[in-house]
Structure formats: structure tokens, C-alpha cells
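Please explain how the strands of this protein are arranged, and describe the surroundings of a few individual residues.

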Amino acid sequence: MSVFAGRFAGRAALVTGGASGLGLATAQRLAAEGASVALWDNDAAALRDAAASVGADHVETLDVADAGAVARAAAATLDALGHIDVLVCSAGITGATAPVHEFPLDSWDRVLAINLSGLFYCNRAVVPAMLARGYGRIVNVASVAGKEGNPSASAYSASKAGVIGFTKSLGKELAGKGVIANALTPATFDSPILAQLPPSQVDYMRARIPMGRLGDVAESAAMVCFMASEECSFTTAATFDTSGGRTTF
Ligand SMILES: NC(=O)c1ccc[n+]([C@@H]2O[C@H](COP(=O)([O-])OP(=O)(O)OC[C@H]3O[C@@H](n4cnc5c(N)ncnc54)[C@H](O)[C@@H]3O)[C@@H](O)[C@H]2O)c1
């Protein structure tokens with residue numbers, strides 16, 4: 001049995017983008033370690049399968065870029081779970097792969113709306129319930145692209161830099177109130193999101209990882225579950241790296 005068995009007993013966790021990839025792997029591990037879990041995603045079919053594999057206690061099909069839908073879903077999730085101790089914001093898209101001077105305006109808007117504004121809406125909707133209980137762990141999934149910038153991925157890089165800055169601000173706001181907020185900066189992980197990119201872009205990103213391989217979603221879940229645990233108690237407003245050595249700052 002894992003030394004972490006029961007780590008999240010009595011805890012309730014909400015994972016956005018929980019139907020796939022990093023979010024799904026995290027939700028599976030949270031549930032395996034005792035959490036009750038709610039999954040939010042806009043892909044209803046994937047969400048059904050994910051809910052079954054996680055043993056989810058609650059699901060919401062919604063677009064996180066819709067602030068009203070996020071507020072309603074937060075209320076419904078709190079009703080269903082009773083409280084939310086852990087928020088993992090993993091919903092995200094890559095957007096177009098194109099240089100800035102050719103970047104489609106609609107893709108720019110959609111990437112910022114989902115990856116940055118949507119993440120803000122989710123944090124905004126859940127933080128009051130955490131503050132009311134004096135406990136919370138927030139993991140906002142950014143990217144190494146937000147630290148370094150990936151060429152031909154300006155909207156994505158800008159949105160993820162925004163997530164890092166947002167989380168630094170939030171972590172300081174909440175410091176001393178029992179609610180801890182940190183960002184995660186993955187390099188490239190083997191997940192369905194890579195299908196949104198041309199193979200040449202994936203090759204570019206893989207080549208920049210000193211370990212010479214893509215990350216496994218289970219490796220991401222291991223880091224996120226530490227960040228989401230009680231033991232992550234003296235680190236907030238920080239950025240955790242899962243990049244196989246790509247970013248060292
Ligand atoms: N996989 C990687 O290499 C990598 C690297 C760095 C950062 N990230 C970030 O990690 C997060 C998860 O990525 P992943 O690899 O698991 O991708 P994924 O595509 O496997 O999962 C993302 C999930 O988010 C959901 N989603 C997308 N738009 C949504 C919306 N508007 N509302 C609700 N749900 C929505 C998708 O349906 C999907 O289930 C993303 O924020 C991504 O930017 C991933």
C-alpha cells in the first residue's frame with residue numbers, strides 16, 4: 001500500500017479539465033488517496049468516462065470561460081460535496097500555432113478566455129468557501145511556456161505567464177489565512193493536448209527537455225498531489241517545476 005494512502009481522507013477536491021490528461025491523472029490519484037472528487041470539463045463524453053474511472057462524486061459539464069456557468073457550478077459542487085478543500089485548475093487549450101503577425105484573433109481571444117480568465121473565474125468562485133473554513137490548497141496549472149515563451153505560441157505563452165502572475169498575487173493575498181495557492185509549470189507531457197499541435201512543435205518542445213523524454217501524467221499527479229496536500233504548508237505564491245530540467249528558475 002502507498003505511504004500516501006488516506007492522505008486526502010475527508011478532503012473534497014475539484015479538478016477542472018478533469019476529463020483528460022494531467023487533470024484526469026490528478027483526479028484519479030486524489031480519489032485513490034481518499035478524496036471525494038468533483039470533475040469539471042466541457043467535453044461531456046470524456047467527462048462521463050473520466051467520472052467512472054475516478055469514481056467521481058460530482059461532475060459539471062461547463063465552459064470555464066463562462067463566468068456565470070462557473071459561479072453556478074461552484075454552488076452546485078459545494079452543495080454536492082459540502083466543502084472544497086482542493087482546487088486544481090487544469091482546463092486549458094493550446095490555441096493556434098502561428099507567428100504573432102499571422103496569429104488568428106479569435107484563437108488569441110479563446111486561449112486567453114479559457115486559460116487565464118476561466119482560471120480566474122474558478123479561483124474567484126471557490127476561494128470564499130475555502131476562506132470560510134480557513135483551509136484550502138489551490139494548484140493553478142501554468143506551463144514552462146509562461147516562463148520561457150514558446151515561438152508560434154504567443155497566446156498560450158502569454159496566458160500561462162498570466163497564470164503565474166495571478167497565482168503569485170493570490171498566494172500573497174491569502175497568506176496566513178490557511179489557503180495556499182501555487183502554480184505548476186510543466187514542460188511537455190504525453191497527453192491528448194499534444195494532438196492540438198503540429199508534430200514539429202512537439203518535436204521542438206521535446207528537444208528542449210534535458211531528460212530527453214516527455215513527462216508521464218502520473219509524474220504530474222505526484223507533484224500536484226503534494227501541492228494539494230496538508231504537507232505543502234510553507235510554500236505559497238510559488239511556481240513548482242515539472243520540466244525534466246527544462247526550466248531551472
Ligand atoms: N500536456 C502538456 O504537455 C502540458 C504542458 C504544460 C502545461 N499543460 C497544461 O496542463 C493543463 C492540462 O493539459 P492536458 O495535457 O491535460 O490537456 P488535455 O487536453 O488532455 O486536458 C485538458 C482538459 O481541459 C478541458 N477543457 C478545455 N477547454 C475547456 C473549457 N473551456 N472549459 C472546461 N474544460 C475545458 C478539455 O476538454 C480537456 O479535458 C492545461 O492547462 C495545459 O495548458 C500541459
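**Strands and selected residues**

The side chain of Asp 41 reaches the backbone nitrogen of Asp 43 at 3.0 Å. The model in which this contact appears is a predicted one, and Asp 41 offers a convenient point of entry to it. The residue belongs to strand 2, which spans residues 36-41. A second backbone nitrogen, that of Ala 19, lies 3.2 Å from a polar atom of the Asp 41 side chain. With residues up to four places away in sequence left out, Asp 41 touches Gly 17, Gly 18 and Ala 19, together with Leu 47, Glu 60, Thr 61 and Leu 62. Asp 41 is buried, yet it has no salt bridge. The nearest side chain of opposite charge is that of Arg 110, and it is 10 Å away.

From strand 2 the reader may turn to strand 1, residues 12-16. The two strands pair in the parallel sense, over five bridges. One position at which this pairing can be followed is Val 15, whose bridge partner in strand 2 is Leu 39. Between these two strands the chain passes through helix 1, residues 21-32, and the resulting β-α-β crossover is right-handed.

Strand 1 also pairs with strand 4, residues 86-89; these strands run parallel and are joined by four bridges. Here Leu 14 has Leu 87 of strand 4 as its bridge partner. Strand 1 is mostly covered, with five of its five residues buried. The covering applies to both faces: Ala 12, Leu 14 and Thr 16 are buried on one side, and Ala 13 and Val 15 are buried on the other.

The loop between helix 1 and strand 2 contains Ala 35. Ala 35 counts as buried because its relative accessibility is 10%, and the cut-off for that term is under 20%. Apart from neighbours within four places in sequence, Ala 35 is in contact with Phe 8, Arg 11, Ala 13 and Leu 30. Of these, Ala 13 is one of the buried residues of strand 1. The C-alpha atom of Ala 35 is separated by 24 Å from that of Ala 238, a residue 203 places apart from Ala 35 along the chain.

Further along the chain, strand 6 covers residues 179-186 and is mostly covered, since eight of its eight residues are buried by the cut-off of under 20% relative accessible area. On one side the buried residues are Val 179, Ala 181, Ala 183 and Thr 185. On the other they are Ile 180, Asn 182, Leu 184 and Pro 186.

Strand 6 has pairing partners of its own. Six bridges join it to strand 5, residues 136-141, and the two run parallel. Within this pairing, Arg 137 has Ile 180 of strand 6 as its bridge partner. Strand 6 also pairs in the parallel sense with strand 7, residues 239-242, over four bridges. In that case Leu 184 is matched with Phe 240 of strand 7.

A last residue lies in a helix. Ser 107 is found in helix 4, which runs over residues 105-133. Is Ser 107 buried or exposed? Its relative accessibility is 13%, and Ser 107 therefore counts as buried. Beyond its neighbours within four places in sequence, Ser 107 is in contact with Gly 95 and Ala 96.

Key
Residues are numbered from 1 along each chain as its sequence is written. This is a predicted model: local features need pLDDT of at least 70, side-chain atom pairs count only at pLDDT 80 or more; totals for chains, interfaces and linings use all residues. Side-chain values use heavy atoms; hydrogens and water are left out. Buried means under 20% relative accessible area, exposed over 50%, partly exposed in between (1.4 Å probe, protein chains only). Lys and Arg count as positive and Asp and Glu as negative; His and the chain ends are not counted. A salt bridge is a side-chain nitrogen of Lys or Arg within 4 Å of a carboxyl oxygen of Asp or Glu. A polar contact is a pair of N or O atoms within 3.5 Å; within protein, one must be able to donate a hydrogen and the other to accept it, and residues adjacent in sequence count only if both atoms are side-chain atoms. Contact means heavy atoms within 4.5 Å. Two strands pair if DSSP finds at least two bridges between them. A crossover is right-handed if, with the strands pointing away from the viewer, the path from the first strand over the helix to the second runs clockwise.
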